[in-house]
Amino acid sequence: MIIQMEFQWALYLIASYLVGGIMTGFLVAKLIKGVDLRLLGSGNIGARNAGRVLGPSGFVLTLAGDILKAAAVVWAGIQFQYPPYIQLLGFLAVILGHLYPIFLRFHGGKGVASFIGGMIIFHPISAVLVAAAFLLFYGIKRSLTVAGLFAFALTPFFYWLFEKQWLETLLLIPISFLVVYVQKEDIKERIKLTE
């Protein structure tokens, strides 16, 4: 029984990574304009560049798709009654799939929308607090990038504040900081602009 459960968990994690690797922006760009989003605008396949290249519909479709795929992974873990730490490993896997998709030679997006989608399902209260922190930091710094990074970094703290579960809190640390880490080039640009 234990071996069967571990096998199911392994399949769940593999499936989570593969779902994360379904790059919404890439697919939307191909379907709407028949173009490769990686070769246009900033070259990123996230919602912001999709909006820049494809217009509002590209932004909305890409954002929705990236949010929903992570939300679906965490929701599936809940429906299968997997322990919270397995749900979080699935969450981590879908983020890794988005950042490093096997289908696109491991060059993916930046994971912001997927992070938001996963957190909304896993722990809605923390997601609300992250949103509030984002608005607060944006009011101070007037930068979407900086505000988002500060808010995401606080996610494990918000979760621990309500649940006091150390294992899940520790798992949230690499998930949130991974999303922060891949924004490093944006951070460098912001620093240059303020110098």
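This section describes the annotated membrane segments, the helix packing and one aromatic pair of a predicted model.

In an unreviewed UniProt entry, the term "transmembrane region" is listed for residues 9–32, 58–78, 85–103, 115–137, 144–160 and 166–182. Two of these segments were examined for secondary structure. Residues 9–32 are 88% helix and 0% strand, with the C-alpha atoms at the two ends 36 Å apart. For residues 144–160 the helical share is 94%, strand again accounts for 0%, and the end C-alpha atoms are separated by 25 Å.

Helix H2, which spans residues 24–32, packs against helix H4, with the two axes coming within 8 Å and crossing at roughly 145 degrees. The crossing of H2 and H4 is right-handed. On the H2 side the contact involves Thr24, Gly25, Val28 and Ile32, and on the H4 side it involves Ser57, Gly58, Leu61, Thr62, Gly65 and Asp66. Sorted by class, the residues joining H2 to H4 comprise three nonpolar, six polar and one charged.

Helix H4 (residues 56–79) also packs against helix H5 (residues 84–99), where the axes come within 9 Å and cross at roughly 155 degrees. Angles over 145 degrees count as roughly antiparallel, and H4 and H5 are therefore roughly antiparallel to each other. Their crossing is right-handed. H4 contributes Asp66, Lys69, Ala70, Val73, Val74, Gly77 and Ile78 to this contact, while H5 contributes Gln87, Gly90, Phe91, Val94 and His98. The contact of H4 with H5 contains six nonpolar, four polar and two charged residues. Asp66 of H4 thus appears in the contact with H2 and in the contact with H5.

A further helix pair is formed by H7 (residues 124–141) and H8 (residues 144–153), whose axes lie 8 Å apart at an angle of about 140 degrees. H7 and H8 are therefore oblique to each other, and their crossing is right-handed. From H7, the residues in contact are Val130, Ala133, Phe134, Phe137, Tyr138 and Lys141; these meet Leu144, Val146, Ala147, Gly148, Phe150, Ala151 and Phe152 of H8. Eleven nonpolar residues, one polar residue and one charged residue make up the contact of H7 with H8.

Aromatic pairing was also examined, and eleven aromatic pairs are present in the structure. One of them joins phenylalanine 134 and tyrosine 138, whose rings are stacked, with a centre-to-centre distance of 6.2 Å and 15 degrees between the planes. Both residues belong to helix H7 and are four residues apart, about one turn of the helix. Phe134 and Tyr138 are also among the H7 residues that meet H8.

Key
Residues are numbered from 1 along each chain as its sequence is written. This is a predicted model: local features need pLDDT of at least 70, side-chain atom pairs count only at pLDDT 80 or more; totals for chains, interfaces and linings use all residues. Side-chain values use heavy atoms; hydrogens and water are left out. UniProt positions are given in the numbering used here, feature names are shortened, and annotations may be inferred rather than shown by experiment. Axes are lines fitted to C-alpha atoms, for helices over the stretch in contact, and angles run from 0 to 180 degrees between N-to-C directions. Angles under 35 degrees count as roughly parallel, over 145 as roughly antiparallel, 65 to 115 as roughly perpendicular and the rest as oblique. A crossing is left-handed if the near helix is turned anticlockwise from the far one by less than a right angle, and right-handed if clockwise. Contact means heavy atoms within 4.5 Å. Ala, Val, Leu, Ile, Met, Phe, Trp, Tyr, Cys and Pro count as nonpolar, Asp, Glu, Lys and Arg as charged, and the others, Gly among them, as polar. Rings of Phe, Tyr and Trp (its six-membered ring) pair if their centres lie within 6.5 Å; planes under 30 degrees apart count as stacked, over 60 as edge-to-face and the rest as tilted.
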